[in-house]
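Trainee: Please take one part of this model and go through it closely. I would like to see how the strands sit together and what packs around them.

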Amino acid sequence: MRKLTLDCGLIDTAAGLHLQLSELLDLPEYYGNNLDALADCLGDIRQEVCLVLENAQALDKALGDYAQKFLRVLEHSSRENPCFSYEVHRNGSRGMKLAEALQERADLNRSIQQLESRLAANALVQEGESPAEDPRELLDQLDRSIDRLEELTAAINLRNCATVHEGESLTRMIARRDALTLRLRILRQFAGEASQTARRARNSEIRIVSAVNVKSLQKELDNMSRELRLLDNTIQALNWSTEL
């Protein structure tokens, strides 16, 4: 994995941020120098890259709300594209934010999966030879990672329960987001099936009709997608404004 460091202390404008990102990530010439264009480019990354934000507190001070929107783009992109990840280093200026804890938890889960594979690869060895990696050292790494994961998960869950926005806990909001995501996935698949009547009837004289009003269903899906987008934005904003 390549680690690319962005020194946020050198950035004082949104234009400067995009200029640094363009050079650091080697973005294409047509890069639009805005957050939507950045999200598109991060989604196209196909080799593992980790963007490290050093002196991130300087970015908060220089760009304010725009810095939080930028971090939400990074968070969303890291969830959507397994080849992209990021780290936020604030140089001890303040405590860990929920979003940073969530990123560390995701990194721990990936590390534990890799350790599991490495342990399996070094469980057996030909007599007289040594394994490529010492299983005991790998098990020690695994223990430390799982202990940290347990500690972090407990802290995140407790903070989610205690964080309330407009009368609703963050835990409840996350559950609502997950349920809405599941509902959308199933209904989108159903709408796609219901829209394929012409293709199915092409080689048959049997008339195939949709069992539902696809136009009405699509409108419902559009409304649900908007609700999910707004809900996710609210959750991400809370993650970046709430101390763990």
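Mentor: Three strands make an open sheet, in the order β1-β2-β3, and the pairing is parallel. Strands pair if DSSP finds at least two bridges between them. Strands themselves are DSSP runs of E with at least two residues, helices are runs of H or I with at least four, and both are numbered from the N terminus. This is a predicted model: local features need pLDDT of at least 70, side-chain atom pairs count only at pLDDT 80 or more, and totals for chains, interfaces and linings use all residues. Residues are numbered from 1 along each chain as its sequence is written, and side-chain values use heavy atoms, with hydrogens and water left out.

Start at the edges. They are β1 (2-7) and β3, each of which pairs on one side only. On average, neighbouring strands are turned by 20 degrees against each other, direction ignored. Axes here are lines fitted to C-alpha atoms, for helices over the stretch in contact; angles run from 0 to 180 degrees between N-to-C directions.

Now the pairings. β1 and β2 run parallel and are joined by six bridges. R2 stands opposite V49 of β2. On the other side, β2 (residues 49-54) pairs with β3 in the parallel sense over five bridges. L51 stands opposite Y86 in β3. L53 has V88 of β3 as its bridge partner. β2 is largely enclosed by the rest of the structure, because five of its six residues are buried. Buried means under 20% relative accessible area, exposed over 50%, and partly exposed in between, with a 1.4 Å probe and protein chains only. In a regular strand, side chains alternate between the two faces of the sheet.

Next, what lies on the sheet. Helix α4 packs on it and touches β1, β2 and β3. The direction of α4 makes about 140 degrees with that of β3. Contact means heavy atoms within 4.5 Å.

α4 (residues 65-80) also meets helix α3 (residues 56-63): their axes come within 6 Å and cross at roughly 130 degrees. The two helices are therefore oblique to each other. The cut-offs are under 35 degrees for roughly parallel, over 145 for roughly antiparallel, 65 to 115 for roughly perpendicular, and oblique for the rest. L59, D60 and L63 of α3 make the contact with D65, Y66, A67, Q68 and F70 of α4. These residues divide into five nonpolar, one polar and two charged. Here Ala, Val, Leu, Ile, Met, Phe, Trp, Tyr, Cys and Pro count as nonpolar, Asp, Glu, Lys and Arg as charged, and the others, Gly among them, as polar.

Finally, follow α4 and β3 to another neighbour. The buried residues of helix α9 pack against α4, β3 (84-88), α5 (98-121), β4 (164-165) and α7 (170-194). α9 (residues 214-241) has 28 residues and reaches 40 Å from its first C-alpha to its last. That is close to the 40 Å expected at 1.5 Å a residue, taken as 1.5 Å times one less than the number of residues. Its buried residues include L217, L221, M224, L228 and W240. D232 lies in α9 too. At 13% relative accessibility, D232 counts as buried. Leaving aside neighbours within four places in sequence, D232 is in contact with R79 and R177.
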